[in-house]
Every structure is written in C-alpha cells, then in structure tokens.
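Q: I'd like a close look at one part of this one: the loops, please. Take your time, and tie them to the rest of the picture as you go.

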Amino acid sequence: MAKNVLITGASRGIGRTIALTFAKAGYNVVINYTSNIEAAQEVVRLITSNNADAIAVKGDVSKDSEALEIVKQATDVFGPIDVLINNAGIKRDGPIETMSEADYDEVMDVNVKGAFSMIKHTLNHIPPKHPLKIINITSGTGIVGRENQVNYAISKFALNGMVKALAKELGPKGITINAVAPGLTETDMTEYVDEAGKQAQAERIPLKRLGTTQDIGEACLFLASDRSSFITGQILPVNGGLHGA
Ligand SMILES: NC(=O)c1ccc[n+]([C@@H]2O[C@H](COP(=O)([O-])OP(=O)(O)OC[C@H]3O[C@@H](n4cnc5c(N)ncnc54)[C@H](OP(=O)(O)O)[C@@H]3O)[C@@H](O)[C@H]2O)c1
C-alpha cells in the first residue's frame, strides 16, 4: 500500500519539488499551503495526472488550531501519516537594531511553533508503534548563523534543537526525526539575491554550483526511506560542501 507524506508549504519552491519527488516514488501526497491556492492545485494536478494521489490542504501552520485541521484532513483522506516534512518557512530579514517585534514573532511562529504543532498533532493521529518519519527543513543559517537574519537563524537553530530533543524522546517508539539543511537554493525566497550574488555564492561552494530544489527532495526521500532506518537526530547539510552559510 502507498505511504502517506504530508509536506507543509508545498505549493511553491522546495516544498513543491519535495511533493513531486515523493509522488514519483509512489507516495500519496498532502500539499499544505497558506494562501496560494492556484499554485497548490497545480502541484496536485501534476501529481494526479501522473497516476499518483494528492490533495491540497489550506492552513496556516503558525496557528495551532489550523495545524490540527491540516493533520485531521490529511488523515481523514489517506489514513495515518507516514512521513511529515516541516518545510513551511518565512524570512523577515534586517539588522537587529530595527527588527520589529512583529518580524521576530512572525518568523518564530511560522518556522518554530508551526513545526512543533504539526509534530504534536501528527503524533496524536497515528496508531501506537506507527514508525513515523519526521523531517525538519532547516538551513545553513541554522548551523553557522548569518548577519541580518537573527530571527531566522534563531528559528532554524530551534528547529535543529527540536530534532535533537525529539530523537531522544521518540526513538523508543520507533520514530525518527532528522533535519535537512539547504544552502542557497533558487526559489521565490531567494529572489532578492541578484545574479552576481548567486555567482559569487556558487564560487564559494566546493561543488561550484547553487543547490536545486531537487537536491533537497532527494535528501528528504532518503531520510524517509528504509535506507536510513538507523539515522535519527541528525542535521544533514545539502550545500555542496560549503562550511558557512
Ligand atoms: N530557498 C533557500 O535558499 C533556502 C535555504 C535554506 C533553507 N530554506 C528553507 O526551505 C523551506 C522552503 O523555502 P522556499 O525557498 O521553498 O520558500 P518559498 O519559495 O518562499 O515557499 C514557501 C512555502 O511555504 C508556504 N508557507 C509560508 N508561510 C506558511 C504558513 N504560515 N503556513 C503554511 N505554509 C506556509 C508557502 O505557501 P503559499 O504559496 O500559500 O504562500 C509556500 O508554499 C523554508 O523553511 C526555508 O527556510 C530555503
């Protein structure tokens, strides 16, 4: 029987490619989005036209009640979730001196609380001994930090902390949790970096190119598969070998 994957923020960018990658591998796919219904439906259409199954579920993960609804809807349609990928994330960059309380709170609420709520509700909607696999999408910024991104950096370090703590807490139940930490990957989120900036970043990377969304999708597929069954509590950088953000 096909396994079920729920990906938050899967209407665009990295989440979209993760969704298409898992569909190709035979998963039923739940595509969460918060506002962009056309983009989410397009991902569903691409998947279902290739003989796999997918649904789009609207919900803002930063609101605990909506996170609960996302999990309920996914479970009602496909049954217990086998793989949860906390991918939804936002940035509100700027120097700390002028960073507003709202910019701090919004990033924490979506990036950190969103993943916390999604994990909590998913755990409460699976049968005992169900070998759930959880993947948090973090960032190189959550390993080495980056200027003008203190809120984002804190959020990604927190997601990595969640991985470390929950690997210990959930391991005895046969549940694994890991993080995939992308380097600069071309999506709407990185539109602010101009071509010269991207070129300069690629030069700093040992493999001499930027990451693609497919690179991240393949890493997630590995961490969701039985090939990684003894791996938990790990942060996997997918960044071409760059030791810096
Ligand atoms: N791109 C990079 O270079 C890079 C590098 C390191 C880490 N990352 C991480 O990778 C993840 C994906 O990034 P991306 O570049 O693909 O981002 P993106 O292109 O900006 O897409 C963001 C996705 O998240 C959804 N989303 C935003 N807020 C949400 C909320 N409150 N609840 C549910 N969904 C929400 C969006 O839905 P709508 O379409 O409905 O708005 C969209 O599907 C993020 O966690 C990011 O921090 C990215």
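**A walk through the loops**

A: Let's start with Asn51, which sits in the loop between α2 (37-48) and β3 (54-58). Keep in mind that you're looking at a predicted model. The backbone at Asn51 has a phi near 65 degrees, a positive value in a residue that isn't glycine. Is Asn51 buried or exposed? With a relative accessible area of 77%, Asn51 counts as exposed, since the cut-off for that is over 50%.

Next stop is Lys129, in the loop between α4 and β5. Here too you'll find a positive phi, about 65 degrees, in a residue that is not a glycine. Lys129 comes out at 79% relative accessibility, so it also counts as exposed.

Now for Asp93, which you'll find in the loop between β4 (83-86) and α4 (101-123). Asp93 has a relative accessible area of 37%, so it counts as partly exposed; that label covers what falls between the 20% and 50% cut-offs. What does Asp93 touch, once residues up to four places away in sequence are left out? The partners are Met99, Asn148 and Gln149. With Gln149 there's also a polar contact: the two side chains are joined at 3.1 Å. If you want a feel for distance, look across from Asp93 to Ala196: they are 103 residues apart along the chain, and their C-alpha atoms are separated by 20 Å.

Ser139 is another loop residue, placed between β5 (133-137) and α5 (141-144). Ser139 has a relative accessibility of just 8%, so it counts as buried, the cut-off being under 20%. A polar atom of the Ser139 side chain lies 3.0 Å from the backbone nitrogen of Thr141. Setting aside residues up to four places away in sequence, Ser139 touches Tyr152, Lys156, Ala181 and Pro182.

Tyr152 is a handy link to the ligand, as it is among the residues that come nearest to it. The others in that group are Ser11, Asn87, Thr185 and Thr187, out of 32 residues around the ligand. By type, that shell splits into 16 polar, 12 nonpolar and 4 charged residues.

Backbone atoms get involved with the ligand's oxygen atoms as well. At Gly9, a backbone N or O atom lies 3.2 Å from a ligand oxygen. For Ser35, a polar backbone atom is 2.7 Å from an oxygen of the ligand, and for Asn36 a backbone N or O atom is 2.8 Å from one. On its own, the ligand has 910 Å² of accessible area, and the protein covers 94% of that. As for the elements around it, α1 (13-24), β2 (28-33) and α6 (150-170) are the ones that give two or more residues to the shell.

Stepping back to the whole chain, you have 8 helices and 7 strands. The radius of gyration is 17 Å, close to the 18 Å that the globule rule gives for 245 residues, so the chain is as compact as a globular protein of that length. Along its principal axes, the C-alpha trace spans about 45 × 35 × 35 Å. Of the 245 residues, 51% count as buried, Ser139 being one of the buried residues. Among contacts with a separation of 6 or more, 73% involve residues 24 or more positions apart. As for the outside, the chain's accessible surface comes to about 11800 Å², with 54% of it belonging to carbon and sulfur atoms.

Technical notes:
Residues are numbered from 1 along each chain as its sequence is written. This is a predicted model: local features need pLDDT of at least 70, side-chain atom pairs count only at pLDDT 80 or more; totals for chains, interfaces and linings use all residues. Side-chain values use heavy atoms; hydrogens and water are left out. A residue is near a molecule or strand if one of its heavy atoms lies within 4 Å of it. A polar contact is a pair of N or O atoms within 3.5 Å; within protein, one must be able to donate a hydrogen and the other to accept it, and residues adjacent in sequence count only if both atoms are side-chain atoms. Accessible areas come from the Shrake-Rupley method with a 1.4 Å probe; for residues, only the protein chains shown count as cover. Helices (H or I, at least four residues) and strands (E, at least two) are DSSP runs, numbered from the N terminus. Ala, Val, Leu, Ile, Met, Phe, Trp, Tyr, Cys and Pro count as nonpolar, Asp, Glu, Lys and Arg as charged, and the others, Gly among them, as polar. The radius of gyration is taken over C-alpha atoms; the globule rule is 2.2 Å times the number of residues to the power 0.38. Buried means under 20% relative accessible area, exposed over 50%, partly exposed in between (1.4 Å probe, protein chains only). Contact means heavy atoms within 4.5 Å.
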